[in-house]
Amino acid sequence: MSVQAAALISVHMDLGAGRRGVDMGPSAIRVARVSERIAALGRPVEELGSVYTREPETVEVGAANARYHSEILDVCCRLRGLVQEARARGSFPVVLGGDHSIAMGSVSGQALHHRSRGEKLGLLWIDAHTDINLPETSPSGNIHGMPVSHLLGRGLPDLASLAGPEPAVDAAHVAMLGVRSVDRREREIVTETGVRVFTMTEIDERGLAACVRDALKIVTTGTGGFHLSFDLDGVDPRYAPGVGSPVPGGFTYREAHYICEAAARHGGLVGLDMVELNPTLDARNATAELAVQLILSALGKTIL
Ligand code: MG
Ligand code: MG
């Protein structure tokens with residue numbers, strides 16, 4: 001069997017975030033030589049293109065509780081198409097962000113691919129935050145705090161139906177790791193939806209390996225595969241300083257790698273997002289370097 005190609009897609013957008021800069025994330029990951037290093041693993045690399053959008057200074061904000069909604073919808077529609085194209089070619093989409101709202105596009109593309117085969121999609125979400133706000137609960141109106149609700153079919157109808165009339169994912173197939181900053185109303189939504197959130201407290205108590213094992217079981221049981229959506233703020237700011245919303249108490253360098261290695265080793269991983277890299281806050285591109293290393297681990301790079 002031939003080796004599955006990695007299909008790179010860059011998404012230059014920061015409209016979903018509260019501060020400028022993550023639109024430059026894909027460029028910083030390119031500077032860290034992502035394509036050459038994936039190729040050095042023995043994986044063919046395909047370039048599926050770049051999604052660009054307007055800069056926030058040049059476009060109307062729109063509704064205060066869902067800022068830049070129409071531009072974000074447009075970007076997600078385009079990304080959804082590219083992810084579907086990657087899967088139709090038999091490739092593994094690697095989506096370079098961009099703020100985390102782009103996951104509505106990538107995960108919807110994955111979900112549509114699996115639905116066409118009569119399958120469900122699992123979703124493994126690595127993040128300091130639960131990203132499960134709704135426009136009516138969000139303190140900021142920044143859509144990068146809302147993708148999970150929309151993927152579950154809640155929130156703004158056009159974003160909630162990116163995967164068609166059915167939600168992109170069922171809550172029973174979603175697991176989050178690394179969470180340590182949750183808005184008050186988000187706690188209620190987590191309870192209402194039943195999404196399994198492995199907080200840093202639980203990971204401290206039970207150990208990361210046990211929690212990763214449980215999370216992988218959730219995203220692979222009853223699904224045709226799972227997508228890894230990796231927000232770099234899941235990693236501790238000591239190792240990933242170049243993120244827009246840093247929260248202390250995150251994963252160490254090795255813990256972050258362990259998650260990606262375990263996801264690759266388990267089988268069933270069908271693509272990934274690497275998001276929220278903010279080069280304007282980074283230290284000599286260290287976070288972009290980490291992002292590339294994590295992508296390599298998720299593509300199967302092992303120590304031995
Ligand atoms: Mg996020
Ligand atoms: Mg986050």
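# Two helices and two magnesium ions

Modeller: Let's begin with a helix pair in this predicted model: Leu208, Ala209, Val212, Leu216 and Thr220 of α9 meet Glu255, Tyr258, Ile259, Ala262, Ala263 and His266 of α10.

Colleague: What makes these residues count as meeting?

Modeller: Contact means heavy atoms within 4.5 Å. By kind, the residues of this contact divide into eight nonpolar, two polar and one charged.

Colleague: Why are α9 and α10 called oblique to each other?

Modeller: Their axes come within 11 Å and cross at roughly 40°. Angles under 35 degrees would count as roughly parallel, and 65 to 115 as roughly perpendicular. The two helices are therefore oblique to each other. The crossing of α9 past α10 is right-handed.

Colleague: Staying with α10, where histidine 257 is found, is that residue buried or exposed, and how do you know?

Modeller: Histidine 257 has a relative accessible area of 5%, and buried means under 20%, so histidine 257 is buried. Leaving aside residues up to four places away in sequence, histidine 257 touches Leu290, Gln293, Leu294 and Ser297.

Colleague: On to the metals: which residues are the protein donors of the magnesium ion (ligand 2), and how do you know?

Modeller: Donors are N, O and S atoms within 2.8 Å of the metal. Asp127 (OD), His129 (ND1), Asp231 (OD), Asp233 (OD) and Asp233 (OD) lie 2.1 to 2.6 Å from the ion, so they qualify under that cut-off. Along the chain these donors follow the spacing D-x1-H-x101-D-x1-D.

Colleague: What links distant parts of the chain here?

Modeller: The pair of aspartate 127 and aspartate 233, 106 residues apart. Aspartate 127 sits in the loop between β4 (122-126) and α5 (147-151), and aspartate 233 in the loop between β7 (226-231) and α10 (253-266).

Colleague: Why do aspartate 127 and aspartate 233 count as buried?

Modeller: With buried meaning under 20% relative accessible area, aspartate 127 counts as buried because its value is 0%. Aspartate 233, at 2%, is therefore buried too.

Colleague: And which residues coordinate the magnesium ion (ligand 1)?

Modeller: That ion is coordinated by His100 (ND1), Asp127 (OD), Asp131 (OD) and Asp231 (OD), at 2.1 to 2.2 Å, with the sequence spacing H-x26-D-x3-D-x99-D. Here aspartate 127 and aspartate 231, the latter in strand β7, are 104 residues apart; both are buried.

Colleague: Which residue coordinates both ions?

Modeller: Aspartate 127 does, and the magnesium ion (ligand 1) and the magnesium ion (ligand 2) are 3.2 Å apart.

Definitions and conventions: Residues numbered from 1 in each chain as written. Chains lettered and ligands numbered in written order. Predicted model: local features only at pLDDT ≥ 70, side-chain atom pairs only at ≥ 80, totals over all residues. Heavy atoms only, no water. Helix = DSSP H or I, 4+ residues; strand = E, 2+ residues; numbered from the N terminus. Buried < 20%, exposed > 50% of the residue type's maximum accessible area, 1.4 Å probe, protein only. Axes fitted to C-alpha atoms, helices over the stretch in contact; angles between N-to-C directions. Parallel < 35°, antiparallel > 145°, perpendicular 65-115°, else oblique. Left-handed = near helix turned anticlockwise from the far one by under 90°. Nonpolar A, V, L, I, M, F, W, Y, C, P; charged D, E, K, R; others polar.
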